[in-house]
Amino acid sequence: MKDYIEKRTIQVGEYIVKNRATVRQAAKNFGISKSTIHMVVTIWNG
């Protein structure tokens with residue numbers, strides 16, 4: 001996996017857990033789409 005993808009995956013996962021955030025809130029915070037957040041959380045995190 002590319003390094004920047006792995007870092008973003010960890011950041012998104014930590015943000016969601018720490019802030020009890022929804023996919024929509026995480027997407028807004030990171031400036032990426034909801035579908036990308038969903039893909040990052042479900043596929044890259046296993």
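What is the mean pLDDT of the chain, and what share of its residues reach 70 or more?

## Confidence of the model

This structure is a predicted model. The mean pLDDT of the chain is 87, and 91% of its residues attain 70 or more. Confidence varies between elements: helix 2 has the highest mean, at 94, whereas helix 3 (residues 34–44) has the lowest, at 84.

## Overall architecture

The chain contains three helices and zero strands. Read from the N terminus, its elements follow the order α-α-α. Helix 1 covers residues 3–19, helix 2 covers residues 23–30, and helix 3 covers residues 34–44.

Along its principal axes, the C-alpha trace spans about 25 × 20 × 15 Å. The chain has 46 residues, of which 22% count as buried. It exposes about 3,600 Å², and carbon and sulfur atoms supply 54% of that area.

## The nonpolar core

The largest nonpolar core consists of six residues: Val12, Ile16, Ala26, Ala27, Ile37 and Val40. Helix 1, helix 2 and helix 3 are the elements that each give two or more residues to this core.

## An aromatic pair between helices

The chain holds one aromatic pair. Tyr15 and Phe30 form this pair in an edge-to-face arrangement, with 5.6 Å from centre to centre and 90° between the planes. Because Tyr15 belongs to helix 1 and Phe30 to helix 2, the pair ties together parts that are 15 residues apart in sequence. Phe30 has a relative accessibility of 27% and therefore counts as partly exposed.

## Two positions in helix 1

Thr9 is located in helix 1. Its relative accessibility is 3%, so Thr9 counts as buried, the cut-off for that class being under 20%. A polar atom of the Thr9 side chain lies 2.7 Å from the backbone oxygen of Ile5.

Arg8 is also placed in helix 1. With a relative accessible area of 25%, Arg8 is partly exposed. When its neighbours within four places in sequence are left aside, Arg8 is in contact with Ile32, Thr36 and Val40. Val40 is also one of the residues of the largest nonpolar core. Arg8 and Lys34 are separated by 26 residues in sequence and by 14 Å in space, C-alpha to C-alpha.

## The loop after helix 1

Arg20 is found in the loop between helix 1 and helix 2. Is this residue buried or exposed? Arg20 has a relative accessible area of 76% and is therefore exposed, since that class begins over 50%.

The backbone of Arg20 has a phi near 50°, which is a positive value in a residue other than glycine. Apart from neighbours within four places in sequence, Arg20 is in contact with Tyr15 and Gln25. Tyr15 is thus a partner of Arg20 and a member of the aromatic pair with Phe30.

Methods
Residues are numbered from 1 along each chain as its sequence is written. This is a predicted model: local features need pLDDT of at least 70, side-chain atom pairs count only at pLDDT 80 or more; totals for chains, interfaces and linings use all residues. Side-chain values use heavy atoms; hydrogens and water are left out. Helices (H or I, at least four residues) and strands (E, at least two) are DSSP runs, numbered from the N terminus. Buried means under 20% relative accessible area, exposed over 50%, partly exposed in between (1.4 Å probe, protein chains only). A polar contact is a pair of N or O atoms within 3.5 Å; within protein, one must be able to donate a hydrogen and the other to accept it, and residues adjacent in sequence count only if both atoms are side-chain atoms. Contact means heavy atoms within 4.5 Å. pLDDT is the predictor's confidence in each residue, from 0 to 100. A nonpolar core is a set of buried Ala, Val, Leu, Ile, Met, Phe, Trp, Tyr and Cys residues joined through side-chain atoms within 4.5 Å. Accessible areas come from the Shrake-Rupley method with a 1.4 Å probe; for residues, only the protein chains shown count as cover. Rings of Phe, Tyr and Trp (its six-membered ring) pair if their centres lie within 6.5 Å; planes under 30 degrees apart count as stacked, over 60 as edge-to-face and the rest as tilted.
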